[in-house]
Amino acid sequence: MNQHVSRLKFNHFALFFLYCCLFSFPEFVIPQENSRSNPNNFVIAGHQADRWYFGQNAGLDFRPDVPAVDLSNIILNVLTSPAIMADSSGEILFFTNGYRIYNRLGDTMPDGNGLHGFSGNPMPVLIVPKPGNEHIYYVFTTHRPRMNPNDVQTLYGLEYSEVNMNLNEGLGGLTFKNKVLLGPEISSKLSAVKHINGTDYWVVAHKFNSDEFCSFRVTSEGVDSTSYVSSHIGTFHAGPGEDNNAIGYMKLSPDGTKLALAIYGSNLLEIFDFDHSTGKVMNSITSPAVFDEVYGIEFSPDSKYLYVTVTPIMLPVPNYTPASYLYQFDVGLGNQIFNPGSYQTIAMDTTGSYFAGMQLGTDGRIYISRSPYGNGSLSVIQNPARHGEDCNFTSNAIDLQGRQCKYGLPNFIQSYFNLPHFNAIVSEVSATVTFRLQNMHQIDSLIWDFDDPASDQNISEEFVPEHVFSAPGVYNVSVTEYFGGIAYGPYVVTVTVNFSDISENSRI
């Protein structure tokens, strides 16, 4: 890179940093009502990730069949990724920019300011519930590395605070805050996933000037702050901070088996295996340094594809607008994943509306924020589990109705999106099971096979079919989708039908 462009990049980072300093404040058993189940046969979420606040007072609500723009966000105005938590019915509990925690009314919780999440980071904050206690939540925050030897500001590392929703007449309050897990310096890397036991969580961070991943376990006893699982692997995230090697997203896959990250300043992508029984990060695959200014990271809902954005740090100028890219990588290619010709360029933007942070939704689609000045709409990958252009990227897919997205979308526990390809809902009065796809976008027709040859209605072409199984048992139900003359699937979910449980445990 020539000296002129390098200077422009540094100056833009300095402006970005100043802005932040000024403004940073599937197997089924009978499913329970308002819950979703995953292939490991445990309830992982109701609607806790169905409410999104982000950008300049923007919001989405995923509870309707088609996600709706939510105009209730009149408080949160953030550059990167905030965090928000709803209850099992999708009612907002609280939200945070990493510096201040707001209750559902938009008021700052008592003692809820002065957290140490740095909003110039892509991932300054994350909320994790305490297992076995629906009233206690932990708010994890990351700060930033030292920018250069002349940077004398106080730095913080990875910290956490506790919110008790029983306080203040149900509006919530803090019982403690800014408890240190890791001291300075820390990368902007913060993601979480369910432990393989289906109850606990792993919260994963990365030290700066280090190659160390740090996995903290959250159990019914709280956050294990006395020890963590250490994994020295992959690229050394080196400083000073102005080299931008602390910048870039990190995501665990929804199924808890993979971890991927972007090292912005070094133009590197990395993908690892993640052991969600032990918290270890293993088996690194590092790209060549060819993905200039790589930034956003997200997995498809089936964890088979990795999506990545390139987000220029240079502001568009009249004579030059840097290109921004959206890529798709096939996780199944293993060591070949980053080889030339093995990945897909899904979209390129040369208008200055850069692709930035991404987040998978509970509807099975991936949402993409746009930058650098803010954008009045979100882009969407409509079918992220499909290969190449069949993933159906749509630019400006959702008009935010006068609000704007910026560099990021909310940061969630990734297990909230480990949902089956379709749901099976058992009637409370009969053995009838209704099947509903998680994502019905871009489907012309489909064929269901209920794995029930004793039935004379074992095949259906309905979009939301009902089936009466011939006997109790375990069935490998499959669906094949067709769009534009192309078949996708079959997608298989194991369904356990126990007629004796119908009257007691099932709901439509």
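**Reading sheets, burial and cores in a predicted model**

Q: How many bridges join E31 to strand E32 (residues 432–437), and in which direction, parallel or antiparallel, do the two run?

A: Strands of a sheet pair through backbone hydrogen bonds, and the pairing may be parallel or antiparallel. In this structure, which is a predicted model, E31 and strand E32 (residues 432–437) run antiparallel and are joined by five bridges. To follow the register by eye, one may begin at Ile-425, which stands opposite Thr-434 in E32.

Q: Which sheet do E31 and E32 belong to, and which strands stand at its edges?

A: They belong to an open sheet of three strands, in the order E31-E32-E35, with antiparallel pairing. Strand E31 (422–426) and strand E35 (466–468) are the edge strands, each of them pairing on one side only. With direction ignored, neighbouring strands of this sheet are turned by 25° against each other on average.

Q: What is the strand order in the sheet that contains E7, and why is one side of each edge strand left without a neighbour?

A: Here, too, three strands form an open sheet, with the order E7-E8-E9 and antiparallel pairing. Strand E7 (83–86) and strand E9 (101–103) each have a single partner strand, and therefore one side of each has no neighbour in the sheet. The twist from one strand to the next averages 15°. Between E7 and strand E8 (residues 92–96), which run antiparallel, there are four bridges, and Ala-83 is found opposite Thr-96 in E8.

Q: How is one to read the burial of a residue such as Thr-235, and what does its side chain contact?

A: The reading rests on relative accessible area, a residue being called buried when the value is under 20%. Thr-235 counts as buried because its relative accessibility is 18%. This residue has its place in strand E18 (residues 229–237), and its side chain makes a polar contact, at 2.8 Å, with the side chain of Glu-270. When neighbours within four places in sequence are left aside, the residues in contact with Thr-235 are His-206, Ser-210, Asp-211, Ile-263, Leu-268, Glu-270 and Thr-286.

Q: Where does Ala-49 lie, and is it buried or exposed?

A: Ala-49 sits in the loop between strand E3 (43–45) and strand E4 (51–54), and it counts as buried because its relative accessibility is 3%. Its contacts, apart from neighbours within four places in sequence, are with Thr-362, Phe-412, Tyr-416 and Phe-417. Ile-413 is 364 residues away from Ala-49 along the chain, yet the C-alpha atoms of the two are separated by 8.5 Å.

Q: Which residues touch the most other members of the largest nonpolar core?

A: In that core, which has 95 residues, they are Phe-94 and Phe-140. Not counting residues up to four places away in sequence, Phe-94 touches a set of residues including Ile-84, Met-85, Ile-101, Tyr-102, Met-109, Ile-127 and Val-163. Another core, of 19 residues, lies apart from the largest one, and among its members are Ala-424, Val-479, Val-493 and Val-495.

Q: What do the totals for the protein say about its strands, its helices and its surface?

A: The protein has 37 strands and two helices, and buried residues make up 58% of its 508 residues. Its accessible surface comes to about 19300 Å², with 49% of that area belonging to carbon and sulfur atoms.

Definitions and conventions:
Residues numbered from 1 in each chain as written. Predicted model: local features only at pLDDT ≥ 70, side-chain atom pairs only at ≥ 80, totals over all residues. Heavy atoms only, no water. Pairing = 2+ DSSP bridges. Axes fitted to C-alpha atoms, helices over the stretch in contact; angles between N-to-C directions. Buried < 20%, exposed > 50% of the residue type's maximum accessible area, 1.4 Å probe, protein only. Polar contact = N/O pair within 3.5 Å; in protein donor to acceptor, adjacent residues only side chain to side chain. Contact = heavy atoms within 4.5 Å. Areas by Shrake-Rupley, 256 points an atom, 1.4 Å probe, with all protein chains shown as cover. Core = buried A, V, L, I, M, F, W, Y, C linked by side-chain atoms within 4.5 Å.
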